[in-house]
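Trainee: I would like a close look at a single helix and at what surrounds it. Please take the parts in order and finish with the rest of the assembly.

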Protein chains: 2
Amino acid sequence: MFLSKFIPVEDAKKIISRCLREPSTEEVGLEGAYRRVNALNVYSYLDSPPFDRSAMDGYAVLAEDTFGHSANNPTQLKVVDGIGAGEESKVELKEGEAVRIATGAPLPAGANAVVMEEYTYQDGDILKVETSLVPGENVSPAREDFSKGDLVLDKGKLLNSPELSIVASAGFDHATVFRKPKIGVIVTGSELVMPKNELEGAEVINSNHFTMKSMVESCLAVPEMFHSIDDADLVKDMFKSILKDHNALITTGGTAISKGDVVVDVARELGDVLIHGVSIRPGKPFAFAEIQGKPVFMLSGFPVAAMVQFDVFVREALLKMQGLHMEPLLIHKKAARKIPSTLGRTDYIRARIEGEKVRPLKIKGSGIIRSMVESDSYIIIPENQEGISKGEDCVVLPYQSLKA
Amino acid sequence: MFLSKFIPVEDAKKIISRCLREPSTEEVGLEGAYRRVNALNVYSYLDSPPFDRSAMDGYAVLAEDTFGHSANNPTQLKVVDGIGAGEESKVELKEGEAVRIATGAPLPAGANAVVMEEYTYQDGDILKVETSLVPGENVSPAREDFSKGDLVLDKGKLLNSPELSIVASAGFDHATVFRKPKIGVIVTGSELVMPKNELEGAEVINSNHFTMKSMVESCLAVPEMFHSIDDADLVKDMFKSILKDHNALITTGGTAISKGDVVVDVARELGDVLIHGVSIRPGKPFAFAEIQGKPVFMLSGFPVAAMVQFDVFVREALLKMQGLHMEPLLIHKKAARKIPSTLGRTDYIRARIEGEKVRPLKIKGSGIIRSMVESDSYIIIPENQEGISKGEDCVVLPYQSLKA
C-alpha cells in the first residue's frame with residue numbers, strides 16, 4: 001500500500017542534511033553583526049583586562065599595611081595621588097601610602113590591593129583604614145578574562161550580546177560571518193488571495209505567505225515571497241528562475257501523496273525528489289528534492305502542517321546553511337491527560353505547559369491555526385512509543401527553544 | 001552600615017514596574033508586523049474555513065453510497081464534475097455520483113464526504129470506491145477554526161508566525177501594534193575606546209556599547225547609543241537631551257555605592273532616585289530613577305554585572321513598555337556541584353546545562369565576559385536560600401527563555 005513509502009523523521013533529516021553546502025563568508029562591521037553567525041575562530045589581539053585594575057571605588061594600598069586592623073583599630077595612611085578612570089598614576093606607592101582610585105582604573109605601581117571607600121575615612125591627606133586586606137583584594141588582575149593570542153570565540157557561534165562583547169574586547173571592530181541564505185518561497189494555490197474583509201466564491205486567504213516569510217526570518221535567513229496558481233508550467237518557470245539566485249527553495253501546497261501533484265511533479269522533472277512522505281503527524285506529505293545542487297523543501301498547503309514541517313525539517317537546515325548548529329532545548333513534563341499515538345509515526349502535538357504538567361490541545365485538524373496560537377510547545381511522541389498515559393513523563397519542545 | 005540600603009530583587013522590580021507608562025499604538029501593514037506586539041483585541045471579519053472543504057485530493061461523494069464497501073467489494077459511482085483549488089462546482093451531487101476534488105476546494109452541494117484518491121480507481125467516468133466512509137470524513141467543515149465576529153487574538157500578544165497567520169485569516173492586511181520604545185543608552189567611562197588592535201595607557205575597550213545595543217534590540221526596542229567621559233556636567237546635558245525624545249534611558253558605569261558617583265548624582269539632581277543598591281550578585285550597585293516621568297536604569301560598568309542587571313531589571317521593563325508581558329520559562333535541573341550563597345541575597349550564577357544536570361561555571365569576576373560566552377543559563381538562588389548542595393534541584397533560567 002501507499003503507506004510503505006513514508007520514511008521516519010530521523011531518516012528524512014539525514015537526507016536533508018547531506019544536501020546542505022558550506023556557506024560562504026563576508027566581513028561586517030561589529031555594529032551590524034548582532035545575530036550573525038561567526039565564521040572564523042577569533043584569536044585576541046589584546047589582554048583583557050589590559051592591566052591590573054581596581055574593582056571598586058576606593059584606595060589602592062599595600063595589603064601588608066592593613067594587616068590586623070579593623071574599625072576599632074584603624075591604620076593611618078598618607079594619600080599621595082588620585083586616579084580616575086582612563087588615567088594612569090605616575091606615583092610608585094610606598095609603605096604607608098595610599099592612592100585614591102576609581103573603579104576600572106589601573107592599579108598604581110607598588111600597590112597590591114584596594115580598600116573600598118566604605119571602610120575608610122579621609123581627612124586632608126590622611127586616610128583611616130578600618131579593615132584588613134589580603135593581597136589582590138578588590139583587584140581585577142590583568143588577563144583574568146583572556147590573554148593576547150587566546151581563542152576567545154569559536155567558529156559557528158551565534159553573535160549574541162556576550163559574543164559581541166568578547167569580540168570587541170579582543171580588539172576587533174568587525175566580524176567575519178557566514179552569509180545569510182536567500183530563500184525563495186512559492187506559496188501555491190489557485191484559491192489563495194491576500195487578506196481582505198470579504199471573500200468571494202472559493203477564495204481562501206493566503207496566510208502561508210505571512211507564516212512562511214516570518215518563519216524564514218526567524219531562522220535569520222532572507223525570504224523572497226512568490227505566489228503561484230496550481231499550474232505546472234508556471235510553477236516550473238518559477239522554480240527555474242528562483243533557483244538561479246537563491247540558496248534554497250520552499251514551497252507550500254501541492255504535495256499530497258497522489259497523482260496530479262503540481263509541485264512534486266515539477267521537482268521530479270527538474271531534479272531528484274529524495275523524500276516524498278514522512279511518518280509524522282501532522283505533516284506527512286512533506287517532500288524534499290535536490291535541484292541544481294540546491295535544497296527544495298515542499299511543505300503542505302495546510303497552515304498548521306506547513307508550520308510543523310518547517311519546525312521539524314526546514315528550520316534546522318536553514319540554520320546549518322549559515323553555519324549554525326543549534327540544539328533546541330527539550331524539557332520533560334507530565335502529560336495532563338492520555339495521548340494516543342501510533343507505533344512507527346512521530347507525533348508533534350500542540351500543547352500548553354502548565355507548571356510541571358503539559359496539556360495537549362484538543363483541537364485536531366491540521367488547518368486549525370488557532371491551535372498554534374493557543375499552544376506554546378510541542379509534545380513529541382517518538383515513533384517507537386505507542387501513546388502516553390496520563391501523568392507519564394513526556395518530551396516537550398517549547399516554541400521558545402526554536403528561536404535562534 | 002552601608003549594606004542596609006540594599007533592597008530585595010522583587011522589591012526593585014515592583015518599584016520599576018510602577019514607573020512604566022502604557023505605550024501608544026500605531027498601525028502597520030501585516031508584512032511589517034512580525035515581532036510587533038498586538039495592541040487591540042482582534043475580532044474576525046470572516047469565517048475560517050469559509051466553506052466546507054476537502055481535506056484530501058480525491059472524490060466528493062455521499063458517504064451513504066459507500067456504506068459496507070471495501071477492496072473486495074467496491075462500489076461504482078459516476079464522475080460528474082471536477083473541482084480544482086479556487087474553483088466552485090455548479091453541480092449538485094446526487095446519489096450514485098462523485099465529483100473529483102482537490103485538497104482545499106469547496107465541497108459541492110449534496111456531498112458529505114471525500115474519499116482519498118488512494119482508495120479509488122477511475123476508468124472514464126466510472127469510479128470504483130474500495131472503502132466505506134462516514135459522513136464528514138476528509139472534510140474540513142466551515143468555521144472549524146473560527147467564525148466571523150470571534151475574538152481570534154488578544155491584545156498584548158507578540159505577533160509571531162501563528163499570530164500573523166490568524167490575523168491574516170481573519171481578514172486583516174494590517175495590525176494595530178504598540179510603538180517600539182526608543183531607548184537612549186549612555187555608556188560612561190573616560191577610559192573607554194572603540195575596538196582597536198592596540199591599547200595605550202589606561203584605555204579599555206567599550207564592549208558595553210555592543211552588549212547594550214544588542215540587548216535593547218533583543219527586547220524589540222530601538223536603541224540610540226552615546227558615550228560620555230566621567231564628567232557630571234556632560235552627563236547631565238546628555239540626560240536632559242536624551243530624555244526629551246526617548247522613552248527611557250539606560251546608563252552603564254558610575255553607580256558604585258560611594259561618593260563621587262557621577263551618574264547617580266546627576267539622576268538625583270534631575271529627578272528621583274528610587275533604587276540604589278539591590279541585594280543581588282552580580283550587579284548589586286544597580287540604580288533606578290524616575291526623571292520627567294521616564295524610567296532611568298543605571299547599570300554597572302562591569303560588562304557581566306551590566307548584562308545580568310539588564311536581564312533581571314531592564315528586559316522585563318522594556319517589554320512591558322511595548323505591552324508585552326512575557327514570563328521567561330524556568331526549568332529545574334540538579335546542581336552538578338555545591339553552590340555557596342548568602343541568605344538575603346539573590347544570586348544569578350552563570351551555568352551550563354548538561355542533560356539533567358546544571359553546572360555552575362567556576363569563573364567569578366563580574367568583568368569576565370568569557371563566563372557569559374561559555375554559559376547558556378543562570379542558576380537562580382533566591383534570597384531565602386543559603387546555597388545549594390550537589391545533586392539538589394535548582395531553578396535554571398536558560399538564556400534562550402529570555403528571547404522575545
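Mentor: What follows starts at one helix of chain A and then moves outwards.

The model is predicted. The part to look at is helix 3 of chain A, residues 208-218. Of its 11 residues, 9 are buried, so the helix is largely enclosed by the rest of the structure. The buried ones are A:Asn208, A:His209, A:Phe210, A:Thr211, A:Met212, A:Lys213, A:Ser214, A:Met215 and A:Val216. The list includes the charged residue A:Lys213. Just after the helix, A:Leu220 has a positive phi of about 65°.

What do these buried residues pack against? Within chain A, they meet strand 13 (182-188), strand 16 (222-228), strand 17 (248-252) and helix 6 (303-320). Helix 3 of chain B also packs against them, and the surroundings of this helix therefore include elements of both chains.

One residue of the helix can be taken as an example. A:Met215 belongs to helix 3 of chain A and counts as buried because it has 28 C-beta neighbours inside 10 Å, where 20 or more are required. Leaving aside neighbours within four places in sequence, A:Met215 is in contact with A:Phe310 and B:Ser161. A:Asp311 is 96 residues away from A:Met215 along the chain, yet their C-alpha atoms are separated by 8.6 Å.

The contact with B:Ser161 leads to the other chain. A turn of 180° with a shift of 0.0 Å along the axis lays chain B on chain A with an RMSD of 0.1 Å. The two copies are thus related as by a two-fold rotation axis. Both copies use the same surface, since 100% of the contact residues of chain B recur in chain A.

Chain B and chain A each bring 76 residues to the contact. On the side of chain B that touches chain A, at least two residues each come from helix 3 (161-169), strand 15 (204-205), helix 4 (208-218), helix 7 (303-320) and helix 8 (369-374) of chain B. Helix 3 of chain B gives the most, with 8 residues. By class, this side of chain B has 36 nonpolar, 24 polar and 16 charged residues. A note on numbering: residues 208-218 are helix 3 in chain A but helix 4 in chain B.

Now the wider layout of chain A. Its domain assignment gives domain 1 (2-23 + 180-320), domain 2 (25-47 + 153-178), domain 3 (53-140) and domain 4 (331-402). The residue range of helix 3 of chain A falls in domain 1. Domain 3 and domain 4 of chain A have C-alpha centres 60 Å apart.

Strand 8 (residues 120-123) and strand 9 (residues 126-129) of chain A pair in the antiparallel sense over 4 bridges, with A:Thr120 opposite A:Val129. These two strands form a hairpin with 2 residues between them, and A:Gly124 in the turn has a positive phi of about 60°.

In chain B, 6 strands form an open sheet of mixed pairing in the order 7-4-6-5-9-8. Its edge strands are strand 7 (113-116) and strand 8 (120-123), each paired on one side only. Neighbouring strands of this sheet are turned by 40° against each other on average, direction ignored. Within the sheet, strand 4 (residues 58-61) and strand 6 (residues 97-101) of chain B pair in the antiparallel sense over 3 bridges, and B:Arg100 in strand 6 is the bridge partner of B:Tyr59.

Key: Residues are numbered from 1 along each chain as its sequence is written. Chains are lettered from A and ligands numbered from 1 in the order in which they are written. This is a predicted model: local features need pLDDT of at least 70, side-chain atom pairs count only at pLDDT 80 or more; totals for chains, interfaces and linings use all residues. Copies are superposed by least squares on the C-alpha atoms of residues with pLDDT of at least 70 in both. Two residues are in contact if their C-beta atoms, placed from the backbone, lie within 7 Å. Two strands pair if DSSP finds at least two bridges between them. Axes are lines fitted to C-alpha atoms, for helices over the stretch in contact, and angles run from 0 to 180 degrees between N-to-C directions. Domain bounds come from an automatic or database domain assignment. A residue is buried if 20 or more other C-beta atoms lie within 10 Å of its own, exposed if 12 or fewer, and partly exposed in between; C-beta atoms are placed from the backbone.
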